[in-house]
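Me: I'm new to this one and would like a close look at a single part: the aromatic rings and what sits around them. Could you walk me through it?

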Amino acid sequence: MIEASASKRCSRCERHLPRAAFASNKSVVDGLQAYCRECSAEYYRQRQEAKGKKVREKVSVPQGHKRCPQCREVKPHSEWERNKSASDGWASYCRACRAQRLRASYFKRKYGLTEAERDQLIADQGGVCCICLAAPAAHVDHCHETGRVRGVLCFSCNAALGQFKDRPDAIRRAAAYVEGIAWKPTLVAPGVYQLPS
């Protein structure tokens, strides 16, 4: 009697297996599903394939590791971020893939660009900043009023536009100042100043 309650027969493969090999089902008298876990997984896969859907293959993962669905590599938990809301306590994607997905999501959300479109903008600019024409282009520049993307700049030029608050008049005055046309009176003689034209 004890032996019968410690095991159960699978309706599909007809093997006698321990009760732990069956998932729970509260609507059944014994509280376990009719098929063992292996047969249930195989039955599910067959049903999904019959519907034309793809089922990902089950990969055995050693203890302390997890498989990333994007790069399809099995990596140790040290390569993952913690996620308390996940069933296993780890993020869905490894750190590298997660960073890539977040970056792509950021560009799409903030600028309406895919990474391929951003890369095309950089290629169209010859890989350099539109303003200084020297540093590598790395930061997407956009109009803060309309949201329209203007180009890809280096960090310094992008920060400079931000400091000038995208005001063309201030940028023109700064350019004139740098070129030597100061916007302040010039001392011509003692007590005599010349105003800029």
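To start, over which ring does the charged end of Lys8 sit?

Reply: Keep in mind that this is a predicted model. The ring you're after belongs to Phe22: the charged end of Lys8 sits over it, 5.4 Å from the ring centre. Arg82 does something along those lines with Trp90, its charged end sitting over that ring at 4.0 Å from the centre.

Now for rings that meet other rings. Searching the whole structure turns up four aromatic pairs. One of them joins Tyr35 and Tyr43, whose ring centres are 5.8 Å apart; the planes stand at 85°, over the 60 degrees needed, so this pair is edge-to-face. Tyr35 is partly exposed, at 27% relative accessibility, and Tyr43 is partly exposed too, at 34%.

Next come Phe107 and Tyr111, a tilted pair with 6.1 Å from centre to centre and 35° between the planes. Both belong to helix 3, which covers residues 95-111, and they're four residues apart, about one turn of the helix. How buried are they? Phe107 has a relative accessibility of 9%, so it counts as buried, and Tyr111, at 14%, counts as buried as well. Add Tyr106 to Phe107 and Tyr111 and you have one aromatic cluster.

One last stop, back among the charges: Lys75, in strand 4 (residues 74-76). Lys75 is buried yet has no salt bridge, and Glu73, the nearest side chain of opposite charge, is 4.2 Å away. A salt bridge has to be within 4 Å, so that distance falls outside the cut-off. Beyond its neighbours within four places in sequence, Lys75 is in contact with His65, Lys66, Trp80 and Cys94.

How values were computed
Residues numbered from 1 in each chain as written. Predicted model: local features only at pLDDT ≥ 70, side-chain atom pairs only at ≥ 80, totals over all residues. Heavy atoms only, no water. Helix = DSSP H or I, 4+ residues; strand = E, 2+ residues; numbered from the N terminus. Buried < 20%, exposed > 50% of the residue type's maximum accessible area, 1.4 Å probe, protein only. Lys, Arg positive; Asp, Glu negative; His and termini not counted. Contact = heavy atoms within 4.5 Å. Phe/Tyr/Trp six-rings, centres within 6.5 Å; stacked < 30°, edge-to-face > 60°. Lys NZ or Arg CZ within 6 Å of the ring centre and 35° of its normal.
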